[in-house]
Amino acid sequence: MRRTILQFMSVAPFILAAGSDKFVTRTVYSTDELEQLSISRDRVQLNDKYRSGIFIWRTGNFSDRIKRDSNSLLYVRSALKGSREGAWVREGLVATPEMLANGKRLIDHTALLQELFELAGEGVTLRLDGAYHISAMVAVANRSKFVVEGRGSITVKGGTPVAYGFGMLYFSQCTGFKLMGLTLDAARDTRQAAEVHAHSVTFQSCHEFSCIGLRVRNAVCDGIFLYSAEPAKFDTHCSDFLLKDCSVDGSYRQGCSIIEARNGVIDGGHYSGTQGTAPGAGIDLESDAGAPDGAISDITLKNVDFAQNDGFGVLVATVASPRNIKVLNCSFRSNRLGAISFGAESGFITGSKITGFLSTAFRGAIDFPAAKRQMSAIRIRVVDTEFADVASAHSEAPLIYVHENAYAPVEVDTLVCKHSSVAIARLGREGSALRRAYITAHPSICNHAIALAGNETEFTDNTIVGSEGAVLVVVGQRTLITRNQFREIRHTDWEGAIRVIAPSAIIEKNYLQGNGEVALRLEAISKSIRENEFDGFSTAVVRSFLK
């Protein structure tokens, strides 16, 4: 007669823990029962419909954590007399709202989530996979090394006031934590949006944190907000943070506001559809008046999409002299005021793809505004920029605008725009440059497409095809214009395809081909004019200052 293997085994009182190669040696059915267990190295299985899990005895001082965890989700004390210091600790330290609710059905989860967030601490994961509704802010302060994650959503209940204390998630003076995956909806369509501290996610004086894959919808003020309550103290500014693949849509004031922060990266995701009140940006880097210089510094935006915001896609205000701001490989689609307003004293922009430059534009698609003072002669570089589908109703809105009082000169290198119907560039800041641009013009392009308004500006190695009238107007002194090609220039009159008004220009090795009256008009004495080639114009060079 065959015998089964079990006949040769003694049945031991343990089971294998799921996902583990270690054995559970005891099973209990309530935390009260767990409190009464003698202290051992056993792995204890708690079998409870909503709070099942494995607990292990750990020595140490857990009194503060046990006090915060009044429902014994993660930490269970021992009720035995003479027990040494320690607690039964849930393996993985994962807590959920459902564990707290213990089967109760709620229509308002504010208190439940606040109680859950009180558990935040070293090694703890708060997992939210359900649909939750709140009527006030949920906050956590002075905690570190925790995770808030999940596939769930948090929605503000309709009619909730819009005022301080009625935002969504608020992290204050927390360090080394992660916020991942959640969807947050502030239900703007059922509330009265306003410019108040009722942001969807607020980080106050937080450090070494990351926000990954967060979806923020319908903020009643800002979607994400980073700041310090003590801006004069640099060590209170948010620092060393990552916002990765977050999406923010339909905010009232800004998709994201960075007020005081340093050493941060915003990588991927999109910030779109901001509409309601100024500034209306996708991301706004802007300190409050009175903040110390450099209150925003060393911030990188890369691989981010900005679309259909009422303001700029990216706004870097000149307040408090932001430093070392980088915009890398970002895309901009139909932002009403323009793609980028760059008021930083240093940094660079590279790989921008800009589609749709509207008649509502403030000024330049990439705009360098006036600063309170000129800081540097070191150029801010704008490299590898592509424009498509650009149109504008007024000539004061070129693709690149550099104000004469911008913080620093700007060097634009490798700009491509096909079928442009707008002005190309106005370089007002002394020492600025436009190099290696390739522009093909739509027949309706405005006159004076490029203006060198600042002294000692450069225009080199560019190709302009199909423009009309006076393509290049030179107002600044001591400019350098060399190795450019102007082809198929149309309807040039007495102003010339190139009109030089200021003295001491160097104009060398350029090729001008088109039709019309004058190729090059000089209204002041130039430093050097040589090796230029002209084709198709009635007159090659007119020196009107000789009259």
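Helices (H or I, at least four residues) and strands (E, at least two) are DSSP runs, numbered from the N terminus. The model is predicted, so that local features need pLDDT of at least 70 and side-chain atom pairs count only at pLDDT 80 or more, while totals for chains, interfaces and linings use all residues. Residues are numbered from 1 along each chain as its sequence is written, and side-chain values use heavy atoms, with hydrogens and water left out.

**Exercise 1. Backbone angles**

Locate Lys 145 and Asn 102, and describe the phi of each.

Solution. Begin with Lys 145, which is found in the loop between strand S11 (138–141) and strand S12 (147–149); its phi is near 60 degrees, a positive value in a residue other than glycine. Turn next to Asn 102, in the loop between helix H3 (97–101) and H4, where phi is positive at about 55 degrees although the residue is not a glycine. Asn 102 counts as partly exposed at 39% relative accessibility, where buried means under 20% relative accessible area, exposed over 50%, and partly exposed in between (1.4 Å probe, protein chains only). As background, most residues other than glycine have a negative phi, and most peptide bonds are trans.

**Exercise 2. One helix, one face**

Identify the buried residues of helix H4 and explain how they are arranged around its axis.

Solution. Helix H4 spans residues 110–117, and its buried residues are Thr 110, Leu 112, Leu 113, Leu 116 and Phe 117. Seen down the axis of H4, these fall within an arc of 165 degrees (taken from the directions from the helix axis to the C-beta atoms), so they line one face of the helix.

**Exercise 3. The surroundings of Phe 171**

Place Phe 171 in the nonpolar core and name some of its contacts.

Solution. A nonpolar core is a set of buried Ala, Val, Leu, Ile, Met, Phe, Trp, Tyr and Cys residues joined through side-chain atoms within 4.5 Å. The largest one has 127 residues, and Phe 171 and Phe 203 are those with the most contacts inside it. Leaving aside neighbours within four places in sequence, Phe 171 is in contact (heavy atoms within 4.5 Å) with residues including Phe 117, Val 140, Phe 146 and Phe 203.

**Exercise 4. Cysteines**

Explain why Cys 221 and Cys 256 form no bond to their closest cysteine sulfurs.

Solution. A disulfide is a pair of cysteine sulfur atoms within 2.5 Å, and a search of the whole structure finds zero of them. The sulfur of Cys 221 is 12 Å from the closest cysteine sulfur, in Cys 256, too far for a bond. The sulfur of Cys 256 is 8.8 Å from the closest one, in Cys 246, again too far.
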